[in-house]
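Here is a short tour of one protein, written for someone meeting structures like this for the first time. Take a look at the sequence and the 3D view, and then read on.

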Amino acid sequence: MEITVFLLVALALLLGGVLGSFVPMVPAGLLSIGGIVVYWWSTGYVTPGVFAFAGFLAVGVLVVVVDYLAGAIAAKAGGASTLSSLLGAVVGVLLFFPLGPVGIVLGITATVFVLELYRGRARSESLTAAAYALVGTLGSSVMQFVLTLSMLVAFLIVLVI
């Protein structure tokens, strides 16, 4: 294995994906995919092989899906309406700018709770939906970390083999 600029860029992007999994608004999955694509391109589409490349892409896309939809899916699983789930995600993103990561968590959780109350649901049901949204939002960071780290480790294994 020869150390090239492309390998270093690929590793930097993959590491950026792992670190970015805990930073809101950083596209961890896309960074990781970018690292794989850069290296694959630099080797003339040889390493990793086509099947491994497809696997890396699948995991990377899963990271993107988890990043953008976990809170809304969890809220829906907790009984929230689709509208409450989607508006919670929008408010979370908007509150990120003035409040940082706390804004995302607060925005999603509070929006789901308030909208479910407004829809006439009991306080306990609204709280359950909001709690699911909160757990989904926080859990998505953990899942992103695990998935992007697995991409980095698998990439290193592919390089050694």
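Helices here are DSSP runs of H or I with at least four residues, and they are numbered from the N terminus. With that in mind, the protein reads α-α-α-α-α-α along its sequence. That comes to 6 helices and 0 strands. Please remember throughout that this is a predicted model. For a sense of scale, the C-alpha trace spans about 60 × 30 × 20 Å along its principal axes.

**How the helices pack**

Let us begin with pairs of helices. The table gives the packing angle and the distance between axes for three of them.

| Helix pair | Packing angle | Distance between axes |
|---|---|---|
| α1 and α6 | about 155 degrees | 8 Å |
| α2 and α3 | about 160 degrees | 7 Å |
| α3 and α6 | about 170 degrees | 7 Å |

How do we put the angles into words? Angles over 145 degrees count as roughly antiparallel. Take the first pair: α1 and α6 pack at about 155 degrees, so α1 is roughly antiparallel to α6. Here α1, which covers residues 5–20, passes α6 in a left-handed crossing. On the α1 side, the contact is made by Leu7, Ala10, Leu11, Leu14, Leu15, Gly17 and Val18. Facing them on α6 are Phe145, Thr148, Leu149, Met151, Leu152, Phe155, Leu156 and Leu159. Sorted by class, this contact of α1 with α6 has 13 nonpolar, 2 polar and no charged residues.

Next come α2, made of residues 28–42, and α3, with an angle of about 160 degrees between them. That angle makes α2 roughly antiparallel to α3, and the crossing of these two helices is left-handed. From α2, the residues Ala28, Gly29, Leu30, Ile33, Ile36, Val37 and Trp40 take part in the meeting. Their partners in α3 are Phe53, Phe56, Leu57, Gly60, Val61, Val63 and Val64. By class, the contact of α2 with α3 holds 12 nonpolar and 2 polar residues, with no charged ones.

Now for the third pair. α3 and α6 pack at about 170 degrees, and therefore α3 is roughly antiparallel to α6. Their contact has 18 nonpolar, 8 polar and 1 charged residues.

**A loop with two details**

What is special about the backbone at Tyr45? Tyr45 has a positive phi of about 65 degrees although it is not a glycine. You can find Tyr45 in the loop between α2 and α3. Pro48 also lies in the loop between α2 and α3. The peptide bond leading from Thr47 to Pro48 is cis, and its omega is near -5 degrees.

**The largest pocket**

Finally, let us look for empty space. How much space lies in the largest pocket? The largest pocket holds about 500 Å³. The elements that each give two or more residues to its lining are α3 (50–77), α4 (82–99), α5 (101–118) and α6 (123–160). In total, 23 residues line this pocket. Pro24, Asp67, Ile104, Thr137 and Ser140 are the lining residues that lie nearest its centre. Which classes of residue make up the lining? It has 15 nonpolar, 7 polar and 1 charged residues.

Try tracing α3 and α6 in the 3D view: these two helices pack with their axes 7 Å apart, and both give two or more residues to the lining of the largest pocket.

Conventions. Residues numbered from 1 in each chain as written. Predicted model: local features only at pLDDT ≥ 70, side-chain atom pairs only at ≥ 80, totals over all residues. Heavy atoms only, no water. 1 Å grid on protein atoms, 1.4 Å probe; cavity = no way out; pocket = protein on both sides within 12 Å on 5 of 7 lines; lining within 4 Å. Points joined across faces, edges and corners; volume = space filled by probe spheres on them. Nonpolar A, V, L, I, M, F, W, Y, C, P; charged D, E, K, R; others polar. Axes fitted to C-alpha atoms, helices over the stretch in contact; angles between N-to-C directions. Parallel < 35°, antiparallel > 145°, perpendicular 65-115°, else oblique. Left-handed = near helix turned anticlockwise from the far one by under 90°. Contact = heavy atoms within 4.5 Å.
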